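Welcome, and please open the model in your viewer. We will go from the whole chain to pairs of helices and then to single residues.

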Amino acid sequence: MASKPHPPLMKKHSQTDLISRLKSRKILGVGGEDDDGEVHRSKISQMLGNETKFAVREPIGLRVWILISAVGFTAMALMALVFPNQLYEVVFEEELSTINISVRLYGGALLSLALIMWNGLYTAEKIVIQWTLLSEACYFAVQFLVTSITLMEIGILPNAAMLLLLSRVLFLVVTMAYYYHLGRKPKKI
């Protein structure tokens, strides 16, 4: 029993058949706009997402600010770890030998924040940069409060302490401004 040969298959050229292509794309769910208004060219880009969506539009000077913060935090941490008495004397204009451990612990905490700053400097992820700025802002706010309360308890107001308080307010304002601008949604054009 010999079997009959099958006739050759007719191939449909969907690339040339525009209506067929549009129907296929509609069934696959590509080519139309999604909820965010993006048009995906393929199912793969729809599944993986568009990397330009995650690109961060950074405010001018953000990386410079984070670099200045990282260097400042590192320098203050090293000063607190190596010269705890001198750092305390500069701010409060008093000499106490019993506070070495406290100032050194403060230096260790500053060094930890400095590491967060250095990490924030080299990352491209928006959320990491935001948390870096928020950590910095929390530090400045807490340091302002603690220094103010300490100065009220001591009853003195040295010039160095006033300069420290004013600088902390300024740094807090700058950091929060960057945090606010980084968190804003970009305007669609």
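Here is a tour in a few stops, with something to select at each one.

This is a predicted model, in which local features need pLDDT of at least 70 and side-chain atom pairs count only at pLDDT 80 or more, while totals for chains, interfaces and linings use all residues. Residues are numbered from 1 along each chain as its sequence is written, and side-chain values use heavy atoms, with hydrogens and water left out.

**The whole chain**

Start with a cartoon view. The chain has seven helices and zero strands; helices (H or I, at least four residues) and strands (E, at least two) are DSSP runs, numbered from the N terminus. Of the 189 residues, 27% count as buried, where buried means under 20% relative accessible area, exposed over 50%, and partly exposed in between (1.4 Å probe, protein chains only). Contact here means heavy atoms within 4.5 Å. Among contacts between residues at least 6 apart in sequence, 63% join residues at least 24 apart.

**Helix 5**

Now select residues 100-122, which form helix 5. The expected span of a helix is 1.5 Å times one less than its number of residues. For the 23 residues of helix 5 this gives 33 Å, and the end C-alpha atoms are 33 Å apart, so the two agree. Colour its buried residues: Val103, Gly107, Leu110, Leu113, Ala114, Met117, Gly120 and Leu121.

**Helix 3 against helix 5**

Add residues 62-82, helix 3. Two packed helices are described by the angle between their axes and the distance between the axes. Axes are lines fitted to C-alpha atoms, for helices over the stretch in contact, and angles run from 0 to 180 degrees between N-to-C directions. Helix 3 and helix 5 pack at about 155 degrees, with axes 8 Å apart. They are therefore roughly antiparallel, a term for angles over 145 degrees. The crossing is left-handed, meaning that the near helix is turned anticlockwise from the far one by less than a right angle. The residues of this contact divide into 20 nonpolar, five polar and two charged. In this scheme Ala, Val, Leu, Ile, Met, Phe, Trp, Tyr, Cys and Pro count as nonpolar, Asp, Glu, Lys and Arg as charged, and the others, Gly among them, as polar.

**Helix 5 against helix 6**

Swap helix 3 for residues 126-154, helix 6. Helix 5 and helix 6 pack at about 150 degrees, with their axes 9 Å apart, which makes them roughly antiparallel. Their crossing is left-handed. Show side chains at the contact: those from helix 5 include Tyr106, Leu110 and Ile116, and those from helix 6 include Val128, Thr132 and Tyr139. By class, this contact has eight nonpolar, five polar and one charged residues. At the end of helix 6, look for Gly155, which follows the helix and has a positive phi, near 90 degrees.

**Two neighbours in helix 6**

Is Gln130 buried or exposed? At 15% relative accessibility, Gln130 counts as buried. Beyond its neighbours within four places in sequence, Gln130 is in contact with Tyr179, Leu182 and Gly183. Trp131, by contrast, is exposed, with a relative accessible area of 53%. Draw a distance from the C-alpha of Trp131 to that of Tyr179: the separation is 8.7 Å, although these positions lie 48 residues apart along the chain count.

**Last stop: Thr175**

Select Thr175 in helix 7 (residues 159-183). At 0% relative accessibility, Thr175 is buried. Which residues does Thr175 touch, not counting those up to four places away in sequence? They are Trp65, Leu133, Glu136, Ala137 and Phe140.

Definitions and conventions:
Angles under 35 degrees count as roughly parallel, over 145 as roughly antiparallel, 65 to 115 as roughly perpendicular and the rest as oblique.
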